[in-house]
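Here is a friendly first tour for anyone meeting this protein for the first time. Please keep the sequence and the 3D view open as you read.

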Amino acid sequence: MKKTKGTKMKIKLTRLFSIALLSAALASGCNSTKYLAEDEKLYDKGHVVIHRDSMDADRKQAFEEYLEGLLRPKPNKKVLGMRFKLGLYNMGGGPDTTGGFFKRWLKRRGEEPVLLSDVNREYNENLLRNRMENFGFFNAEVTSDTSINGKLAEVTYNAFPGNIYRIANVNFEVDSLKNLGRDILRTSDQSLLKPGSPYNLDVIINERERIDNDLKNRGYYYFSPDNILAEVDSTIGDHKVNMFVTVKPETAEKARMPQKIGNIFIYTNYTQTSDGFRAANPRRMELYQDNYYIIDRENKYRKKVLANHIFFHKGELYNRHDHNLTISHLVNLNDFKFVKNTFVDNPDSANTLDVYYHLTPMQRKSIRFEILGKTASVYNGTEANVSWTLRNAFKGFESLTVNVFGGYETQTGGSVNLNSSYLRYGADVGIMWPRLLSPYKWAPSRRFIPKTYAKVSYEFLNRRNAYTLNSLTLNYGYNWKENDQKQHDLAAVEIIYVQPRNISDDYRAQMDTVPTLRHIVDPQFSFGPNYSYTFTNTMEANRTHTFYVKTGLNTSGNVLGLIQGADYNSGNIKTLFGTAYSQFVKAEVDFRHYLKLSPGSQLASRLMVGTSYSYGNSRSLPYLKQYFSGGPNGLRAFRPRAVGPGSMMPENIGKDNFFADQTGDFKLELNTEYRSQISGMFHWAAFVDAGNIWLQREDPNRPGGKLSKNFIKELAVGAGAGLRMDLDFLIIRTDFAIPVRVPYRQPGDRWVFKYIDFRNSEWRKQNLVFNLAIGYPF
């Protein structure tokens, strides 16, 4: 969205207000004891000291930090060593309740002082002692002491763990002549309780959960972890314990018996009222495939498709895996607002469960309108989208989507008038089937729903005073997941057709001067299969190291080009439907590593490598498939498409300063970013980015652009810092970056540290790049 002068003034005033408020709060935080009574002390810190010489330093420090995290209450939060939120509370008048609206607003965003009198030392001592005993330190002792420095108080807890107790033997005392006992003993070798391991209450709790989960998958629906008793004998001496795992005598008989699946009822139109849920009263029920009673009076769903997502079968033993799998599938069909599942004892058969699924459909048709503000370096604009969705389009949970969009973007800053304002609009129609439509019968995983998709889209791009492009894209393919970490996407068919129109005389004149501009308006026609594979374990929050890897392979025209004998170099260019088609193989990988340094900080790094080989009917990748660098998610110290290829200098040409976008056939990019939380939703980051693009072949119009053995010497490097606001559902990111290595300068003068001059307004205008974006760059 284009900013007016008034808007810029408002932004500047808002920034000044924010800075003033932050400065005042920090200053007030320096005087955090301002409103304390004479006999009150501010609780500054709770500190735990473990007194055990045999414990190594690193383990002792980690254990102390863990125990400190258990202490209550928590002291007032600090930002840069100052109590920022307490400062807001004090700015709001502290305990004074007579302040105006602004002071009340400040107090609501602050926090009251945490006083020494709020600390219950005896409670914390018992908490620490109990926790150490849970870790096997059975004779632990804790004492505490308070130290006062002026109006600040600190409590030190001295912990004496003693010797840790270890497991000597584990005995499963169950009746092996009965089903329950045999089923518990069957997996006893997988027990989490290991001889020689320290006694740990958390491990005992996890062992009970393990036994329960295994029994649930063997039919014991009514069994519970509370039915397991783990007894400890600590009298055997030598700081060891014997453990005895048994079933509590009071366990109900029903919990001791596996349950079979009886009748399965599926209500497809289950209505929620003010009194709760109400099921439609079926006039007739049909037994489908001798397994399911599907109550669908309006015949909304094809029974075969619905039955494919129910994993229970009549007469089989209940198991938790199929229970959870069915619920997951019904929810992820994206057609039901509510999915309710109940089990009821069958009145006619002992140890048999009747299963009820009560499904509340979503609204079949929906429409969504969204308007977006877009910004990237010196470009700003807006875009509007209207999406219409038809659920269960053909009674098999298909989703039909029609999307109409339009947007405008223009340059609002920077040192170069790119004359690149443009208008774009278009539409796309897509359909998604929650299954694989293929002549070959294959099922990659029962746990996740595989999908088949088809989509056709059209876009009209009007780059003012330059050219227009008409683009048509067709896709048909599949995506599926192996597990939580691995995902595949196979576009069996991808067809892209781009036709230029209305090329202005000014632009044609510039093409004669700078032939690289011609590549942007070349007709483009590519077709072929694409495949991508993604692996990630970033959802595992407890890991110190997590990874994200995405690889892709993109092809076009390979078989047809070989059959026709296409050869660009000899002028034997082949066409399809009157248009020359592209022939290439393109491969890329995006590797990311996240190192957790502390609960509030991490080091994120990324390596991106893109390569391609164009041959036969093509000399290089088509423009839409080429790589570029720069922008808010890449080299943040350079504008989008303003780096490379190689050591080539970006060209600003003509009286209107047309800018030839810099694209290439190869790409290398490396990024590393330190991220840390300031307080609450506020975070900051410092980063370094490096990268460039290169050409497959020499191009006399782009000297220095071909990939060579000296490519490392042609890397562009930028550095910077920025703030992030994490709103849980949205991350707003701001980055300021400057170039520190410029590849198109002379080889001995590419590092530009000596030219950095923040006091010089002209230098800032040329080099300081501001990026506003949504989400992290990687």
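Which residue forms a salt bridge with Lys625? The partner is Glu494, and the closest N and O atoms of the two lie 3.0 Å apart. A salt bridge here is a side-chain nitrogen of Lys or Arg within 4 Å of a carboxyl oxygen of Asp or Glu. This pair ties together distant parts of the chain, 131 residues apart: Lys625 sits in the loop between strand 26 (601-614) and strand 27 (652-653), while Glu494 belongs to strand 20 (residues 486-501). Lys625 and Glu494 are both buried, where buried means under 20% relative accessible area, exposed means over 50%, and partly exposed lies in between (1.4 Å probe, protein chains only).

Before going on, two notes on the model. It is a predicted model, in which local features need pLDDT of at least 70 and side-chain atom pairs count only at pLDDT 80 or more, while totals for chains, interfaces and linings use all residues. Residues are numbered from 1 along each chain as its sequence is written, and side-chain values use heavy atoms, with hydrogens and water left out.

**The whole protein**

The protein has 13 helices and 33 strands. Helices (H or I, at least four residues) and strands (E, at least two) are DSSP runs, numbered from the N terminus. Along its principal axes, the C-alpha trace spans about 95 × 80 × 60 Å. Of the 778 residues, 44% count as buried. Among contacts with a separation of 6 or more, 64% are between residues 24 or more positions apart; contact means heavy atoms within 4.5 Å. The protein exposes about 40,500 Å², and carbon and sulfur atoms supply 54% of that area. Accessible areas come from the Shrake-Rupley method with a 1.4 Å probe, and for residues only the protein chains shown count as cover.

**More salt bridges**

Side chains of opposite charge can pair when their charged atoms come close. The structure holds 34 salt bridges, and the table shows three of them.

| Pair | Closest N to O distance |
|---|---|
| Lys625 and Glu494 | 3.0 Å |
| Arg131 and Asp202 | 2.6 Å |
| Glu673 and Arg675 | 2.6 Å |

Arg131 forms its salt bridge with Asp202. This pair, too, links distant parts of the chain: Arg131 lies in helix 5 (residues 121-134) and Asp202 in helix 7 (residues 201-216), 71 residues apart. Arg131 is buried, with a relative accessible area of 16%, whereas Asp202 is partly exposed at 28%.

The side chains of Glu673 and Arg675 also meet in a salt bridge. Salt bridges that share partners join these two with Arg636, Asp689, Arg724, Arg733 and Asp735 into one network. Glu673 counts as buried because its relative accessibility is 0%, and Arg675 is buried with a relative accessible area of 8%.

**A three-stranded sheet**

Strands of a sheet pair through backbone hydrogen bonds, either parallel or antiparallel. One open sheet here has three strands in the order 1-3-2, with mixed pairing. Its edge strands are strand 1 (42-50) and strand 2 (141-149), each pairing on one side only. Two strands pair if DSSP finds at least two bridges between them.

How many bridges join strand 2 and strand 3? Strand 2 and strand 3 (residues 152-160) pair in the antiparallel sense over nine bridges. Across this pairing, Thr143 stands opposite Asn158 in strand 3, and Asn149 stands opposite Leu152 in strand 3. The hairpin of strand 2 and strand 3 has two residues between the strands, and there Gly150 takes a positive phi near 70°.

**A nonpolar patch and a neighbour**

Ile367, Phe369, Ile371, Val386, Trp388 and Val404 make a nonpolar surface patch of about 590 Å². Patches are made of residues with over 30% relative accessible area and no salt bridge: like charges are joined within 9 Å, and nonpolar side chains (Val, Leu, Ile, Met, Phe, Trp, Tyr) within 5 Å. Strand 14 (365-376) and strand 15 (379-391) each give two or more residues to the patch, with the largest share, three residues, coming from strand 14. Trp388 has its place in strand 15 and counts as partly exposed at 31% relative accessibility.

Val402, in strand 16 (residues 399-411), touches Val386, Ser387, Trp388, Asp428 and Val429, not counting residues up to four places away in sequence. Val402 is partly exposed, with a relative accessible area of 28%.
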